[in-house]
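Me: I'd like to go through this chain with you, starting with the overall build and then moving to single strands and residues. Could you keep the cut-offs beside the terms?

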Amino acid sequence: MINRLFLPISNETLELVLTESITYDGDELDLSVTKSNTFQSLTVQELASLYLINQLPSLNKLNNLSLEKILHEIINLGHQQESQPKNKFVDEIKDRFSTAAIRKGRDFAKANDIYLLPEIDVRNAKYLKADGSWDYEFKANYKHPDIQEKVIIALPTGQQREMFSNQHRIFRQIERSLSDEHIDVHGYAGTGKTHMLSAISEILVSRNKYNAKRILVLTNSTVQLQALRAVVHPSVKIMTFGQFASLLMSKDFSQNNVQLIRTSLDNEANPINAIAAEFNLRSVSTYNPNRVSSIIFQMVARFCWSRNTEITEDFIPKWVVGLGSEDKSYLISHSALLWEFVTNPPPNFPVKLPIRDYHVIKYASLHRFKIPTYFSQLIVDESHDLSEAMLEIIERSSQGYVGLGDHFQAVNSYSAKRTSPAIERQMTTSIRTPGKLGDIVNFSLELHSLPVKDEFIANRDRSSEIQYYDRPDVPAKPTAIWVDDLWELFEWVERISALNLPYRVLGSESQLDQFARACIRLYREKKPVRVIGLSNYPDWYSVMSQNSRHRSVVHLNKLFEKGYKTEHWETTKSLQSQSAQYVIGLFQNARNHEFDSVMLAPAIIQQLYDVKRSMSIQNKENKAARSSLASRLYLGITRSRHTLILPQSFEEFMHFL
């Protein structure tokens, strides 16, 4: 049996004491705990708990039963002395407190089954006997909201599933509602959403033995699809959103003979320049015709993700500036023309326009398609990836729906919003994320512009280690390294290869290859290149002048100055291996992965400080930037099963923000 200790002081009170202990008189920082107004109003029990937390770093060899006895003795001493005029108890212990020791003690508590009580339970004081002394029987009957007991459930198929009590409660609620209800399950990273989906599919299959293929599971990517096939009943139909869009337009399911067929991405010529010529586009503001063509392609893509029935100026990308009303009208009218040519090209039109999944889904949504009645039940994995157009199709359909997702993982800061009611449930207890990482995860959630309804609860049963670095060196042990952009990806691939270590790039191999080669050409040939991330720069001088604070750009520039060429990149590429233990990837490619050791590369810190400077400006762009940053942090941190390696400045930033 786990020997737990419950301390009668709340997280909120402890945080207030720490926050109020930081004062600045214009010359130096004062971290005196006793100057906190909250400290002055603490009860004897709260003071005793705070004192014990303060001492935990030096009492780390004692077990929780011994610590409970110490707490008992301090509370008794406090009650004996609190009636004295100057409260001798407070005077005796007030100089022994330190904000640093309290923070360390709080971290120690989280890793050692020591829990702070919720505020309401602190006030109820059921942990005290009638005479005011500590009640050792309290912990035997008390149910702390952060403690999730494990439950074994038997499924109709004969299989068993292990769930936390929070998961089990939600599972039973979903099980009772599986019919024509719409249910949205919001689950933090590592809370077992895929595990839940697997159990739900088993229930549905048992109810539809002879029509299991009528159960449809949708997800965003082929990577997620393969992961689901390993855990979902084999009779269930599993498709990506794109595959489903193609099914909607097939002869078997097309409604009112409306069809739009997705075209292959293979060997497609880039149509942007061709459309600029064919539409005879003019320059707009400072943007040349080819750039204008790129803008209207982006406007059409943004339109396809929305519920809107027509293209408006809201779909003009935020980076496009200096536009007058005539310029905006020009972009809107030509975006509408492009959309018309994508969906209904005129005969013998010379430009082959690519038709993407989002085009097909939007087209189906505009024509008021529904999910075919052949399917009796719909489950959506990673429902935060749904576009509003796809959600619109789901909402107008008659099937029962269960969506499992996490809006905090939407790195593009976009998450579709419902217009129809749904039953909502929240999963907060992570199975994967170790206990020590909980504070850092909650910090990343608080940065987000979305409201945080419930605190993320890490798994206290899993041990963990947090390391901080001053210099960004490649870790000695195999690690997954998350980077913020292609510049940093290029830099860290070079750092790893310089040590002759095999590595694996997650999700961006071809993009990195194009980017690296284009960087070398831009530096060597001094000519513009048409590659994502570089097309805005006419030469390498522009790269350096606009990114003088970007440490990865500075690092790569030094490499190029030393003679780095394409053959050096080929040597770097030769170390790539799918079985490599060092992994490197962009934050947004971290989803559906977990590793024993995870490192955040330093560029994210500069992003944090940029966000801090703009937090007082509550406009749409700043909220989107905050949310995107918070999601990247959240994704990167929650991939760790044990070790998390962070820049030293991250700890300082987190404590003082």
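Reply: What follows takes the chain as a whole, then some strands, then single residues.

Reply: This is a predicted model, in which local features need pLDDT of at least 70 and side-chain atom pairs count only at pLDDT 80 or more, while totals for chains, interfaces and linings use all residues. Residues are numbered from 1 along each chain as its sequence is written, and side-chain values use heavy atoms, with hydrogens and water left out.

Me: How many helices and strands are there in the chain?

Reply: The chain has 26 helices and 20 strands, where helices (H or I, at least four residues) and strands (E, at least two) are DSSP runs numbered from the N terminus. The radius of gyration is 29 Å, close to the 26 Å that the globule rule gives for 657 residues, so the chain is as compact as a globular protein of that length. That radius is taken over C-alpha atoms, and the globule rule is 2.2 Å times the number of residues to the power 0.38.

Me: And what does the C-alpha trace span along its principal axes?

Reply: About 95 × 70 × 50 Å. Of contacts between residues at least 6 apart in sequence, 74% join residues at least 24 apart, a contact being heavy atoms within 4.5 Å.

Me: What share of the residues is buried?

Reply: Buried residues make up 52% of the 657, with buried meaning under 20% relative accessible area, exposed over 50% and partly exposed in between (1.4 Å probe, protein chains only). The accessible surface of the chain comes to about 31,300 Å², and 48% of that belongs to carbon and sulfur atoms; these areas come from the Shrake-Rupley method with a 1.4 Å probe, and for residues only the protein chains shown count as cover.

Me: What about charge, how many positive and negative side chains?

Reply: There are 76 positive and 74 negative side chains, and the centres of the two sets lie 4 Å apart. Lys and Arg count as positive and Asp and Glu as negative, with His and the chain ends not counted, and each charge is placed at NZ of Lys, CZ of Arg, CG of Asp or CD of Glu.

Me: Switching to strands: which way do the residues of E16 point?

Reply: In E16 (residues 480-483), Ala480 and Trp482 point one way and Ile481 and Val483 the other way, and all are buried.

Me: Which strands is E16 joined to by bridges?

Reply: Four bridges join E16 to E18 (residues 582-586), and the two run parallel; in that pairing, Trp482 has Gly585 as its bridge partner. Three bridges join E16 to E19 (residues 595-600), again parallel, and there Ala480 stands opposite Val598. Strands are taken to pair if DSSP finds at least two bridges between them.

Me: Where does E17 come in?

Reply: Strand E17 (residues 503-506) is joined to E18 by four bridges and runs parallel to it, with Val505 opposite Ile584. Both faces of E17 are covered, since Tyr503 and Val505 on one side and Arg504 and Leu506 on the other are all buried.

Me: Now single residues. Where is Ala518, and what does it touch?

Reply: Ala518 is in helix H20 (residues 509-525) and counts as buried at 0% relative accessibility. Not counting residues up to four places away in sequence, Ala518 touches Val529, Val531 and Leu534.

Me: And Leu204, buried or exposed?

Reply: Leu204, which lies in helix H10 (residues 193-207), is buried, with a relative accessible area of 3%. Leaving aside neighbours within four places in sequence, Leu204 is in contact with Leu178, Ile215, Gln377 and Ile379.

Me: What does Pro647 touch?

Reply: Pro647, in strand E20 (residues 640-647), touches Tyr468, Tyr469, Leu600, Pro602 and Ile605, not counting residues up to four places away in sequence. Its relative accessible area is 4%, so Pro647 is buried.

Me: Last thing: what is the phi of Asn348, and of Arg368?

Reply: Asn348 has a positive phi of about 65° although it is not a glycine; Asn348 sits in the loop between helix H15 (325-343) and helix H16 (357-366) and is exposed at 77% relative accessible area. Arg368 has a positive phi of about 60°, and is not a glycine either. Arg368 is found in the loop between H16 and strand E10 (377-381), and counts as exposed at 57% relative accessibility.
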